[in-house]
Every structure is written in C-alpha cells, then in structure tokens.
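Reader: Hello! I would like a close look at one part of this molecule. Could you walk me through it slowly, with the cut-offs spelled out as you go?

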Amino acid sequence: MQNTVAKVAVVGSGISGSVCAATLARNGMSVTLFDSARGPGGRMSQRREISEDGRELLFDHGAPYFTVTNPDVFSVVTEWESRGLVAEWKSNFGSFDCFTNKFVNTEQQERESKKYVGVPGMNSICKALCHEPGVDSKFNMGIGKFEWLERENLWSLIGLDGQHLGHFKGVVASDKNIASPRFTAITGQLPPLGMKVYV
Ligand SMILES: Cc1cc2nc3c(=O)[nH]c(=O)nc-3n(C[C@H](O)[C@H](O)[C@H](O)COP(=O)(O)OP(=O)(O)OC[C@H]3O[C@@H](n4cnc5c(N)ncnc54)[C@H](O)[C@@H]3O)c2cc1C
C-alpha cells in the first residue's frame with residue numbers, strides 16, 4: 001500500500017521551528033525535526049548548573065519573556081497557558097549588575113501588556129512542541145546540505161558529517177544561517193541551502 005502521509009523535515013527547534021513542526025504534525029504530516037544542539041529551544045534554551053552546595057540552578061540564557069499583540073498568536077499562547085507551558089510573569093523584571101552584586105533598573109511602573117514566561121523555563125514550550133505526536137525530534141544532528149532530487153521530486157538531507165538523513169516531500173529551514181555565508185564562517189562548509197529557487 002502506498003504511504004500517503006507527506007514526510008516533511010523541519011530544521012531548527014527554536015520557537016519558530018517547534019511551532020511549525022507541531023502545526024504540520026497536527027495537520028497530518030509526518031515531521032522529522034533536526035537540531036544541531038543537544039536539546040530544544042534555540043535562543044529560548046535553558047542551561048543547568050549545580051551550585052557548590054549541590055543545588056540545581058536553571059538559567060534561561062536567551063529570551064527572558066515575551067509579550068503578545070497578534071490575536072492569532074494570543075489564541076496559541078492561551079492554549080499553551082491552559083497546558084501549563086507558560087504563565088504570566090507577575091513579579092518585576094530587573095538587571096543584575098555583577099560588579100555591585102545588586103539588581104538595578106527594576107521595573108516598577110504599570111505594565112502595558114502581559115509578560116509570559118515558560119514554565120518551569122523558557123525551553124518548556126519548544127520541549128513540549130518537539131515531542132507532540134507526529135513529530136520525531138533528532139538532536140545533535142546538524143544539517144550540512146539540502147539536495148533537491150529532480151527525478152524523485154524529493155529533498156534529500158545530509159548531515160554535517162556527510163551522513164544521509166532521509167528523503168522528504170518538503171523542508172522548512174527555520175534559521176536564516178542555513179542560507180547565509182555566516183554558516184561558512186562557523187562550520188567551514190558551504191551553506192546547506194543555496195539561494196536558487198526550485199518551482
Ligand atoms: C539574550 C537574548 C534575549 C532575548 N530577549 C527577548 C525578549 O525579551 N523577548 C522576545 O520576544 N525575544 C527575545 N529574544 C529573541 C528571541 O529569543 C528569538 O527571536 C527567538 O527565540 C528566535 O527563535 P527562532 O526559532 O527564530 O530561532 P532560534 O531560536 O535561533 O532557533 C534556530 C535553531 O536552528 C538550529 N540550527 C541552525 N542551523 C542548523 C543546522 N544547519 N542544522 C540543524 N539545526 C540548525 C539552531 O541550533 C537553533 O536551535 C532574545 C534573544 C536573546 C539571545
């Protein structure tokens with residue numbers, strides 16, 4: 001029997017790749033998500049450290065919060081809130097000055113819009129979306145090349161170390177570096193995606 005489920009690859013497990021992967025899967029696609037990092041989140045990831053007295057310390061080292069203005073995004077965030085993935089941050093925000101060991105510029109004024117944070121950390125949103133049914137997430141797997149197979153009408157994905165990672169009906173690149181000369185500066189390889197457009 002012919003498999004009628006379209007296979008799609010999403011590259012990047014930051015907020016844009018994770019939302020895209022979960023949305024495609026909810027719409028019946030078979031999604032494989034690739035990220036070169038150890039875990040999900042991209043610029044919304046979390047770092048874990050153990051203090052000298054053995055306590056676990058968690059740091060959100062990218063976006064500390066986000067606000068919502070778009071009604072479509074608001075309905076998505078409301079769903080995340082009902083699942084316990086995000087919550088409104090009701091305390092103050094401030095900056096920590098590591099020279100004086102004090103918090104400075106602590107926000108006191110009335111806020112214009114709700115600030116949301118991930119629960120327990122900012123990466124919880126991407127973590128949950130990357131593990132939704134229909135999404136197969138693969139970490140520590142950097143994409144080195146997207147190859148268009150004219151005869152098969154499919155994309156072939158190749159890892160940074162040259163390994164073959166599968167054929168896909170569609171691909172989504174969620175990080176602009178995938179088509180940028182910056183990729184060469186980081187990896188010494190050509191960008192995975194050229195700027196030639198296939199129609
Ligand atoms: C310090 C800091 C503070 C911020 N503060 C705020 C804030 O207060 N509010 C706010 O709204 N935003 C804030 N931002 C911005 C916000 O974090 C980003 O806009 C958002 O997280 C970007 O998400 P993204 O999915 O587009 O990209 P990213 O999160 O960058 O995700 C891209 C992913 O693609 C992966 N990837 C790239 N190339 C490859 C490859 N070849 N193969 C496999 N995987 C690959 C990367 O590993 C990464 O995980 C902040 C960012 C930083 C760094």
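What follows is a close look at helix H1 and its surroundings.

Author: Happy to. Please keep in mind that this is a predicted model, where local features need pLDDT of at least 70, side-chain atom pairs count only at pLDDT 80 or more, and totals for chains, interfaces and linings use all residues. Residues are numbered from 1 along each chain as its sequence is written.

First, the setting. The chain has 4 helices and 13 strands; helices (H or I, at least four residues) and strands (E, at least two) are DSSP runs, numbered from the N terminus. Its C-alpha atoms fill a box of roughly 60 × 40 × 35 Å along the principal axes. The domain assignment gives domain 1 (1-42 + 122-199) and domain 2 (64-121), with bounds that come from an automatic or database domain assignment. The centres of the two domains, taken over C-alpha atoms, are 29 Å apart.

Now to helix H1 (15-26). With 12 residues at 1.5 Å a residue, H1 should span 16 Å, and its end C-alpha atoms are indeed 16 Å apart; the expected span is 1.5 Å times one less than the number of residues. Just after H1 comes Gly 28, whose phi is positive, near 90°.

Which residues of H1 are buried? They are Ile 15, Gly 17, Ser 18, Ala 21, Ala 22, Leu 24 and Ala 25. Here a residue is buried if 20 or more other C-beta atoms lie within 10 Å of its own, exposed if 12 or fewer, and partly exposed in between, with C-beta atoms placed from the backbone. The buried residues of H1 pack against S1, S2, H3 and strand S9 (135-138).

H1 also has a part in the largest nonpolar core, which has 30 residues. Such a core is a set of buried Ala, Val, Leu, Ile, Met, Phe, Trp, Tyr and Cys residues joined through C-beta atoms within 7 Å. Val 8, Ala 9, Ala 21 and Val 31 have the most contacts inside the core. Elements that give two or more residues to this core include strand S1 (7-11), H1 and strand S2 (30-34), and the largest share, 5 residues, comes from H1. Both domain 1 and domain 2 give residues to the core, so it lies between them. Val 8 touches Leu 24 of the helix, and its other contacts include Met 29, Val 31 and Phe 168, where contact means C-beta atoms, placed from the backbone, within 7 Å.

Just before the helix, Gly 14 lies in the loop between S1 and H1. Gly 14 is buried, with 21 other C-beta atoms within 10 Å. Leaving out residues up to four places away in sequence, Gly 14 touches Gly 41, Gly 42, Arg 43, Met 44, Cys 126 and Ser 174.

Gly 14 brings us to the ligand, as it is among the closest of the 26 residues that surround the ligand, along with Gly 12, Ser 16, Gly 42 and Ala 63. A residue counts as near if its C-beta atom, placed from the backbone, lies within 6 Å of the molecule. H1 gives the largest share of this shell, 3 residues. The shell draws at least three residues from each of domain 1 and domain 2.

Technical notes. Contact = placed C-beta atoms within 7 Å.
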